[in-house]
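Okay, thanks for coming, everyone. I'll put the structure up and then talk you through it.

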Number of protein chains: 2
Amino acid sequence: MSVKKKIVRIKDIAERAQTSKGTVDRVLHNRGRVADDVRERILAIIKELNYEPNLIAQSLKSQRAFNLAALVPDPDLDSYWEAPRNGLEKAEKELRQYGVHVTKFIFNSHEEGSFIAKAREVTREHPDGLLIAPIFYKEALPFFKEWTEMGIPYVLFNTQIEHVGPLCYIGQDSYRSGCLAAKILRFGLHTPGTVLVAHVNEDISNSAHLITKEEGFRDYFKGENLADTFKVISSEINFPDEEGPDRQLDEIRKKNPDLNAIYVTNSKAFEVAAYLEKNGLTDIKLIGYDLVEHNQEYLKKDVIHFLINQNPLGQGYWGIHQLANHLIFKKEIQPIKFLPLDIITKENLDYYLDPQ
Amino acid sequence: MSVKKKIVRIKDIAERAQTSKGTVDRVLHNRGRVADDVRERILAIIKELNYEPNLIAQSLKSQRAFNLAALVPDPDLDSYWEAPRNGLEKAEKELRQYGVHVTKFIFNSHEEGSFIAKAREVTREHPDGLLIAPIFYKEALPFFKEWTEMGIPYVLFNTQIEHVGPLCYIGQDSYRSGCLAAKILRFGLHTPGTVLVAHVNEDISNSAHLITKEEGFRDYFKGENLADTFKVISSEINFPDEEGPDRQLDEIRKKNPDLNAIYVTNSKAFEVAAYLEKNGLTDIKLIGYDLVEHNQEYLKKDVIHFLINQNPLGQGYWGIHQLANHLIFKKEIQPIKFLPLDIITKENLDYYLDPQ
DNA sequence: TTTAAAAAAGTGTTCGAGCACGCAATGGGA
DNA sequence: TCCCATTGCGTGCTCGAACACTTTTTTAAA
């Protein structure tokens, strides 16, 4: 017997309280102008009937526009940023019904000045909410203060920054991420040797999360009596576009002939993979991050053995959704939303490329 | 300059076509009684303006109730089925606004008769849609025919059955799943030896997907010149609750002293793990499926090295959503929705336990 | 040409919540 | 007593789509 569930409406409450829906409405929204005894009676009935507003009718009526801003690096300069853009566009599409519109402010991920200029633009725009990839730590700080004062909620993603009062952070637990990388490499290491942590083409001073990854990685190899078997070294490998990492890697291999695994802490594993392939180094295990096209190629060729997916698409997607949850649906927001550490191989790659 | 994005309404289309919203409505719903030339004009305008109906207004108006049924095994008898239940309850909660209500029909996963009885109940109830875990292949077939005739769309999950005309299947690609398990084990295997595929406490005759997993697993070890290095054997290991798999596993080890890896094709890896732990067999690699509690324990103790998550929660969740997409939102449904093959270790387990 | 039937097109109400508006009752000051 | 401000409360329109209902136009038969 499937009985149709009764929905409690404002009108029902009004009838029961022998008053009108206008009055109930005023009580619900604390708009005042209601006699105390009537308010008490209405509140009691609301509780008794367990009234829950019909979100559908609610959002149909309100129809207000929510202008969100997204401050993200240019995907044309670093293809890693394509995914967050797709994610936020997907969320925007879903939420357009609710009046959400996202304006993108694209900056050059290699120039602090460009970031500052775009951040200023955001301030001028005065959006209802902001999604930001704060890859320039120092430069971003004063803006956080400003936006907080202006009452603009902002969601951080990709790079975790503590104590700046964002609505929430979306991304990975960098420390755990390092542990996981270590665990996987260790599972595939058959002989004692040296393991390299490589920070490729990234300014470490602005990227605390890469350091955190290294910590997690090193701590794993410190535990479980692995310290005697494996030596962990780390290196910043920077080079201009035309060159490759060849010179630096040659040097490292000369110093450590027993090098048998490399952990690349960002999406640039393909640079190392190209080097390994060129030199026929098939017995060095390689693990890196993110499903950018070049990484996928080498993953399919088994030059890169595993990739950890930071789910950049999900970061963009959930970032916009968190803002919507806060602004539109008035939901409580968890200050940290860690996304899963997805382990990717040739065999399960497909499922992580285009979500549903 | 943030211009408010114009939303295209039926009325807008009507105005542009110099007709009334009633006519546009008839065109949109193929209700006929519209002159051909007018219909053409309206369709052109709909395309041009890229009209998308406002789902909010739509569902506010219709307010009809959708009674869905879920035919699933009892979680109290096999805790694996807790997750699908949670998933479908989560989906139900999200969709309650749209009038969705899910009635659960719980059967005993060890008794065909119980399945048949509950399936009959479903038929009697005549729901608007059905989500079903068809673990009893032979017994389910006649019901599929019946439900098709009654016009009840049904979504299969967990077990893929071909050619019965479901709305869609939700679950994993079993073949790929086997390949992946092989790939991971092989990555950790340092010495030649024997690899066991174990079907634990499951009636193979009713579980084609376990066979498919084994195929994928074997094919991986056939490729890449691994056939000389590793021997793959398989075995059905069945035992009553009080006993363990000890006798059978002892025997297998006696015949294959070089056994160095075991692949359990269902969620019962913990049974094998208990055996390995008891006998101190720390150098046998073990991989299995699903995050049931016992598996988690042994994963944390590193007795189980990896688990592949079949995302049973997601299966329940998406199953209900697919029905809703079909019934309420009239979306085109892909006949197969493969869920990702998530690789789980101790380090990333947390992120897969409670979704978002 | 008239007329009825059929086809085509237009109008108006409904869903539940939000909010503007307006009316009635009360109170205080002159 | 009159006037106006304040408080309390009710009415009615709106959002966009769905659909029942009415009105207009066309077509075919007499």
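So, at what angle do helix α8 of chain A and helix α8 of chain B pack? Quick housekeeping before I answer. This is a predicted model, where local features need pLDDT of at least 70, side-chain atom pairs count only at pLDDT 80 or more, and totals for chains, interfaces and linings use all residues. Residues are numbered from 1 along each chain as its sequence is written, chains are lettered from A and ligands numbered from 1 in the order in which they are written, and side-chain values use heavy atoms, with hydrogens and water left out.

Right, the answer: the two α8 helices, residues 174–188 in chain A and 174–188 in chain B, pack at about 70°, and their axes are 6 Å apart. Axes here are lines fitted to C-alpha atoms, for helices over the stretch in contact, with angles running from 0 to 180 degrees between N-to-C directions. Helices are DSSP runs of H or I, at least four residues, numbered from the N terminus. That angle makes α8(A) roughly perpendicular to α8(B), a label that covers 65 to 115 degrees.

Who makes the contact, meaning heavy atoms within 4.5 Å? From α8(A) it's A:I184, A:F187 and A:G188, and from α8(B) it's B:I184, B:F187 and B:G188. By class, that contact has four nonpolar, two polar and no charged residues. For the classes, Ala, Val, Leu, Ile, Met, Phe, Trp, Tyr, Cys and Pro are nonpolar, Asp, Glu, Lys and Arg are charged, and the others, Gly among them, are polar.

Now the symmetry. A turn of 179° plus a shift of 0.7 Å along the axis lays chain A on chain B with an RMSD of 1.3 Å, superposing by least squares on C-alpha atoms of residues with pLDDT of at least 70 in both copies. That's the relation of a two-fold axis. In chain A, the C-alpha nearest the axis belongs to A:G188, 2.5 Å away from it. And 98% of chain A's interface residues are interface residues in chain B too, so the copies meet through the same surface.

On to the DNA. "Near" a strand means that a residue has a heavy atom within 4 Å of it. Take strand D: 25 residues are around it, and A:T19, A:R33, A:A35, A:K61 and B:Q58 come nearest. Of the strand D atoms within 4 Å of the protein, 58% are sugar or phosphate, and the rest belong to bases. For polar contacts to DNA, I'm counting pairs of N or O atoms within 3.5 Å. A phosphate oxygen of strand D sits 2.8 Å from a polar backbone atom of A:S20, and one is 3.1 Å from a side-chain N or O of A:T23. From chain B, a polar side-chain atom of B:Q58 is 2.6 Å from a phosphate oxygen of strand D. α2(A) gives the most to this surface, four residues.

What about strand C, which residues come nearest? Of the 25 around it, those are A:K21, A:Q58, B:T19, B:S20 and B:K61. Here α2(B) has the largest share, four residues. A polar side-chain atom of A:Q58 is 2.6 Å from a strand C phosphate oxygen, and for A:H29 that distance is 3.3 Å. The surface near strand C divides into eight nonpolar, eight polar and nine charged residues, and the one near strand D has eight nonpolar, eight polar and nine charged.

Technical notes
Polar contact = N/O pair within 3.5 Å; in protein donor to acceptor, adjacent residues only side chain to side chain. Parallel < 35°, antiparallel > 145°, perpendicular 65-115°, else oblique. Contact = heavy atoms within 4.5 Å.
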